[in-house]
Amino acid sequence: MTVQRDIKSGVNPPTGSLAERIRSHAGLLATIGLGVLVVLGFGLETVLSKNGLSKYPDVYGAYEVLPLVAGVLAIALARLLAGLLHRPADFYERAAGDLEEGEDA
Amino acid sequence: MPDILAVLNGVSPAWFLIVAGLLAWGAPWSPVRKALMLIGPCFALLAWFATHETGVYGVIDLGPFQLETFRFDSLSRIWVLVFILIAFINGVYALHERNRMTDGAALIYAGAAVGAVLSGDLLTLFFFWELTALASAPLIFAAGAPMAHRAGLRYLAIQVLSGVLLLAGAAVWASQTGSWGCDAIGVDSAAGVMLLLAFGVKAGFPLLHMWLPDAYPKATGVGSVVLSAFTTKLAVYALARGFAGEGALIAIGLVMAVFPIVFALVSNDLRQTLAYALINQLGFMVVGVGLGNELALNGAAANAFVGVIYMALMFMTLGAVLHRTGTVKATELGGLFKSMPVTGVCAIIGALSVAGVPLFSGFVAKTLILSGAHYAHNDLAYAILVYASAGVMELSVLKVVYCAFFGEARHHQVREAPQTMLLGMALAAFLCVYLGVDYRALYELLPFGIDDYEPYKLNNVFGQVQLLLGGAFVFALAVGFKLFPLKSDHTILDADWFYRRLGDGAARWGKAMGELLVHAINTALTAGVARLRARLFNLFNPAGALSREFPSGLMALWTAIMLAAVLLVSYFSPMS
């Protein structure tokens with residue numbers, strides 16, 4: 001499909017479209033970029049780790065993957081916690097009598 | 001200038017802040033108050049510079065007690081400096097606000113915190129300890145809402161309780177040792193345990209931390225900035241003074257570093273998220289104090305210094321958001337970077353510092369504690385702290401920045417924050433970057449010399465960047481799959497449930513039971529009195545039993561019986 005040039009705005013349609021496309025996929029691109037950097041980091045460490053290029057001199061290998069797992073676990077745990085212990089936002093205020101029936105916080 | 005410095009030599013910086021605060025409280029003119037908020041910290045800073053020699057100044061002789069109001073040594077000077085700096089930065093940040101109560105309270109609070117740090121004995125510490133409580137509560141009350149009022153009362157009650165524990169512990173300590181000195185205490189005695197609890201309440205120990213995420217989000221925008229700076233860091237100082245090397249603190253600190261993360265991730269109030277992040281940061285410091293070696297104690301001091309600044313910066317950015325949008329709820333914010341770009345950049349700098357990104361202040365401070373743990377061969381502490389900082393804590397600060405400034409736009413048509421707020425944030429952001437780059441400036445302030453310590457080693461930087469990128473990757477993935485952040489306006493129950501619901505419920509139940517009991521006693525008494533009255537009436541009324549006429553024979557018989565009884569009693573009585 002050909003994009004019509006908008007004479008009034010003076011914007012070059014292909015440029016604007018690309019920028020828009022990049023912007024709309026910024027999250028995905030950032031995720032891919034971060035993923036590539038993480039993999040590169042582990043790759044670099046694997047190559048150089050004989051000389052101790054590690055934050056943890058006594059432990060090598062997959063040790064640094066564990067914080068990634070911990071991050072995922074923390075999010076899962078947070079969701080579990082939210083499921084188990086969540087109450088309405090004005091739970092305490094209503095219980096304490098700061099808010100009456102039908103009144104918003 | 002040298003003359004001024006000579007005059008100020010040995011004068012406690014606390015007094016300048018407190019006097020300026022009292023004057024500001026009394027001054028009805030806003031420009032005067034604002035000038036005092038800047039002049040007070042400037043004079044305090046001059047006094048800090050003027051006092052070159054470590055030692056004890058400002059001794060007040062009260063007969064049996066000698067109060068040391070100004071003990072200046074390598075441990076106290078770094079805390080005093082950062083308290084003065086943040087008081088000044090807050091003075092700049094709050095220039096737009098017209099609130100006599102918070103202007104004066106913020107300065108007195110800062111002065112009390114400085115005074116407490118400089119206290120050489122437990123009585124002086126108690127005085128300033130309680131003053132911090134009394135001066136900080138108005139920062140919550142000033143928010144005005146009923147829930148802020150209640151939160152302020154809860155906060156005040158807990159802070160005063162901490163002071164009571166401190167005084168009781170100090171008294172027992174003095175009776176046991178004969179000294180009111182504020183030095184190494186330890187937990188070997190009941191006094192030590194009481195003092196540890198007193199400090200632990202303010203430091204946000206697990207299960208004693210509830211006041212922190214309860215009160216901070218309900219304070220005014222400026223109030224939460226000031227609150228984040230002083231109370232908790234003062235407690236860390238007190239722990240470092242009295243309980244350095246206490247093994248129990250390592251476990252307590254590790255719990256503090258880990259458990260708030262989950263709460264920070266699910267909290268919908270972004271200032272509450274920061275309050276939990278603050279507890280996490282305090283955990284690092286408490287572990288540093290518990291480890292007790294020079295590197296770790298330096299780490300605790302360095303973390304307190306940079307932590308005051310970057311957490312204040314984070315609270316400042318949310319204060320600016322609150323000022324412009326009227327909310328800091330994650331569900332009601334998003335996409336503010338377009339309209340508040342400078343505030344957004346400051347928030348990013350603060351978040352990078354909290355997460356410990358190289359070239360930011362958090363990195364050069366946290367690495368000291370990690371090295372302290374490694375030096376002490378405490379691998380468990382080391383690993384947990386690594387996970388708690390770079391691996392996971394990053395998620396919660398990224399959440400704050402993402403929810404407020406990026407993410408789904410909530411169409412808040414707002415302007416950038418007021419210029420004075422921006423200036424305050426810029427000052428704090430500058431320090432976050434400056435201390436990360438010129439880390440020697442920070443290290444020279446630390447209690448123990450560490451000239452040979454180098455944080456920017458290749459393996460250290462590389463490992464940290466790797467962890468941070470991993471954390472950011474997890475965050476991006478979770479956001480991409482819409483698993484995070486959780487978008488619902490809710491309250492997550494924490495330990496505050498015990499006193500806000502269980503305690504409150506128990507109090508209400510007790511009150512209801514008390515009322516029932518009083519009612520029952522009242523009813524029983526009323527009925528009993530009525531019955532007694534009726535019986536007496538039956539006896540004594542004109543037609544009553546005792547008003548009747550009795551036959552003479554019967555009366556003679558009764559008289560004889562009574563006489564016989566008297567004779568018998570007198571016969572058998574031992575007196576006869």
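A residue is called buried here when its relative accessible area is under 20%, and exposed when that area is over 50%. With that cut-off in hand, the model, which is a predicted one, can be read from the charged pairs inside chain B outwards to the surface that chain B shares with chain A.

Over all chains, the structure holds six salt bridges. Side chains of opposite charge can pair when their charged atoms come close. One such pair is formed by Asp103(B) and Arg33(B), whose side chains meet in a salt bridge with an N to O distance of 3.0 Å. Because Asp103(B) belongs to helix α5 (residues 100–117) of chain B and Arg33(B) to helix α3 (residues 30–50) of chain B, this pair ties together parts that lie 70 residues apart in sequence. Asp103(B), at 1% relative accessibility, counts as buried, and Arg33(B), with a relative accessible area of 5%, is buried as well.

Asp103(B) also meets the side chain of Lys34(B) in a salt bridge, here at 2.9 Å from N to O. Since Lys34(B) lies in helix α3 of chain B and Asp103(B) in helix α5 of chain B, this second pair ties together parts that are 69 residues apart in sequence. By the cut-off given at the outset, both Lys34(B) and Asp103(B) are buried.

Elsewhere in chain B, Asp73(B) forms a salt bridge with Arg241(B), and the closest N and O atoms of the two are 2.9 Å apart. This pair links distant parts of the chain, 168 residues apart, with Asp73(B) in the loop between β2 (65–72) and α4 (74–93) of chain B and Arg241(B) in helix α11 (residues 231–242) of chain B. Asp73(B) counts as buried at 17% relative accessibility, and Arg241(B) is buried with a relative accessible area of 12%. Returning to the helical pairs, salt bridges that share partners join Arg33(B), Lys34(B) and Asp103(B) into one network.

A further buried position is Ser224(B), which is placed in helix α10 (residues 221–229) of chain B. Its relative accessibility is 0%, so Ser224(B) counts as buried. Once its neighbours within four places in sequence are left aside, Ser224(B) is in contact with Tyr216(B), Ala219(B), Arg271(B) and Phe315(B).

We turn now to the surface between the chains, where 45 residues of chain A are in contact with 51 residues of chain B. The size of an interface is often given as the accessible area lost when the parts come together. Chain A and chain B bury about 4200 Å² between them, with 71% of it on carbon and sulfur atoms. Between the two chains the count of salt bridges is zero, and the count of residue pairs in polar contact, with both residues at pLDDT 80 or more, is likewise zero. On the side of chain A that touches chain B, the elements giving two or more residues are α2 (26–48), α3 (66–85), β1 (86–88) and α4 (91–96) of chain A. Of these, α3(A) provides the largest share, 14 residues. By character, the residues on this side of chain A divide into 28 nonpolar, eight polar and nine charged.

The two chains are also joined through strands, for three bridges connect β1(A) to strand β3 (residues 490–492) of chain B, the two strands running antiparallel. Within this pairing, Arg87(A) stands opposite Thr491(B) in β3(B).

Note on methods: Residues numbered from 1 in each chain as written. Chains lettered and ligands numbered in written order. Heavy atoms only, no water. Contact = heavy atoms within 4.5 Å. Buried area = accessible area lost by both parts, 1.4 Å probe. Salt bridge = Lys/Arg side-chain N within 4 Å of Asp/Glu carboxyl O. Polar contact = N/O pair within 3.5 Å; in protein donor to acceptor, adjacent residues only side chain to side chain. Helix = DSSP H or I, 4+ residues; strand = E, 2+ residues; numbered from the N terminus. Nonpolar A, V, L, I, M, F, W, Y, C, P; charged D, E, K, R; others polar. Pairing = 2+ DSSP bridges. Buried < 20%, exposed > 50% of the residue type's maximum accessible area, 1.4 Å probe, protein only.
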